[in-house]
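Me: Could you zoom in on one part of this model and talk me through it slowly? I'd like to hear about the sulfur atoms, and then about whatever side-chain contacts and strand pairing you can add.

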Amino acid sequence: MKIPGPDHPITVTTSPRRVVVTVHGKVIADSRRTLTLKEASYPPVHYIPREDVDMSQLQRSEHVTYCPYKGECHYYGIPLGGERAINAAWTYEDPYAAVAGIKDHLAFYPDRVDSIDEQA
């Protein structure tokens with residue numbers, strides 16, 4: 001486990017925007033309670049509360065990865081999106097303390113869904 005610091009900063013903030021995720025013309029997630037995680041030089045990532053995700057459209061995958069800063073990561077595919085949407089969403093079910101706020105949230109790969117729209 002690694003702790004975020006000056007060499008690898010991580011911040012989690014509440015987003016002021018509404019975030020809507022669509023796949024094949026269907027809204028998969030719609031939230032005004034999104035968290036934005038900024039990690040080092042990576043692009044910001046929206047983490048959406050599970051309550052704001054249509055979990056009936058997601059299928060848990062066996063794919064698991066590990067991040068030394070966030071912990072073990074589990075994935076979901078979106079069958080509606082076909083091959084492109086395999087492992088399209090991810091979640092940290094028991095994240096490390098530095099990013100504890102993202103527990104019970106999901107994030108989506110922009111290239112594996114139709115759109116991740118940010119609205120005022």
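**The cysteine sulfurs and beyond**

Reply: Start at Cys 67: the cysteine sulfur closest to its own belongs to Cys 73, and at 8.3 Å that is too far for a bond. Keep in mind that this is a predicted model. A disulfide is a covalent bond between the sulfur atoms of two cysteines. The cut-off for calling one is 2.5 Å between the sulfurs, so the 8.3 Å from Cys 67 to Cys 73 doesn't qualify. Coming from the other end, Cys 73 is in no disulfide either, with the sulfur of Cys 67 as its nearest. The count for the structure is accordingly 0 disulfides.

How buried are these two? Cys 67 has a relative accessible area of 10%, so it counts as buried. Cys 73 is down at 1%, and so it's buried as well.

Next, a charged residue. Glu 39 sits in strand E4, residues 35-39, and with 7% relative accessible area it is buried too. Its side chain has company: there's a polar contact of 2.5 Å to the side chain of Lys 70, and another of 2.7 Å to the side chain of His 8.

Now the rings. There are 3 aromatic pairs in the structure. One of them is Tyr 47 with Trp 90: the ring centres are 6.2 Å apart and the planes stand at 90°, which makes the pair edge-to-face. Tyr 47 comes from strand E5 (residues 45-49) and Trp 90 from strand E8 (residues 89-91), so this pair ties together parts that are 43 residues apart in sequence. Both Tyr 47 and Trp 90 are buried.

Tyr 66 and Tyr 96 make another edge-to-face pair, at 6.4 Å centre to centre with 75° between the planes. This one also links distant parts of the chain, 30 residues apart: Tyr 66 is in strand E6 (residues 59-67), while Tyr 96 is in the loop between E8 and strand E9 (105-108). As for exposure, Tyr 66 has 48% relative accessibility, so it counts as partly exposed. Tyr 96, at 21%, also lands in the partly exposed class; the line for buried is under 20%.

Back to Tyr 47 and Trp 90 for a moment: together with Tyr 109 they form one aromatic cluster. Tyr 109 has a charged visitor as well, since Arg 112 lies over the face of its ring, 4.5 Å from the ring centre.

Last stop, the strand pairing. An open sheet of 3 strands runs in the order E3-E2-E10, and the pairing is antiparallel. E3 (26-31) and E10 (115-119) stand at the edges with a single partner strand each, so each has one side without a neighbour in the sheet. From one strand to the next, the twist averages 20°. Take E2 (residues 18-23) against E3: that antiparallel pairing is held over 5 bridges. If you want a spot to look at, find Thr 22, whose bridge partner in E3 is Val 27.

Terms used
Residues are numbered from 1 along each chain as its sequence is written. This is a predicted model: local features need pLDDT of at least 70, side-chain atom pairs count only at pLDDT 80 or more; totals for chains, interfaces and linings use all residues. Side-chain values use heavy atoms; hydrogens and water are left out. Rings of Phe, Tyr and Trp (its six-membered ring) pair if their centres lie within 6.5 Å; planes under 30 degrees apart count as stacked, over 60 as edge-to-face and the rest as tilted. Helices (H or I, at least four residues) and strands (E, at least two) are DSSP runs, numbered from the N terminus. Buried means under 20% relative accessible area, exposed over 50%, partly exposed in between (1.4 Å probe, protein chains only). A charge sits over a ring if NZ of Lys or CZ of Arg is within 6 Å of the ring centre and within 35 degrees of the ring normal. Two strands pair if DSSP finds at least two bridges between them. Axes are lines fitted to C-alpha atoms, for helices over the stretch in contact, and angles run from 0 to 180 degrees between N-to-C directions. A polar contact is a pair of N or O atoms within 3.5 Å; within protein, one must be able to donate a hydrogen and the other to accept it, and residues adjacent in sequence count only if both atoms are side-chain atoms.
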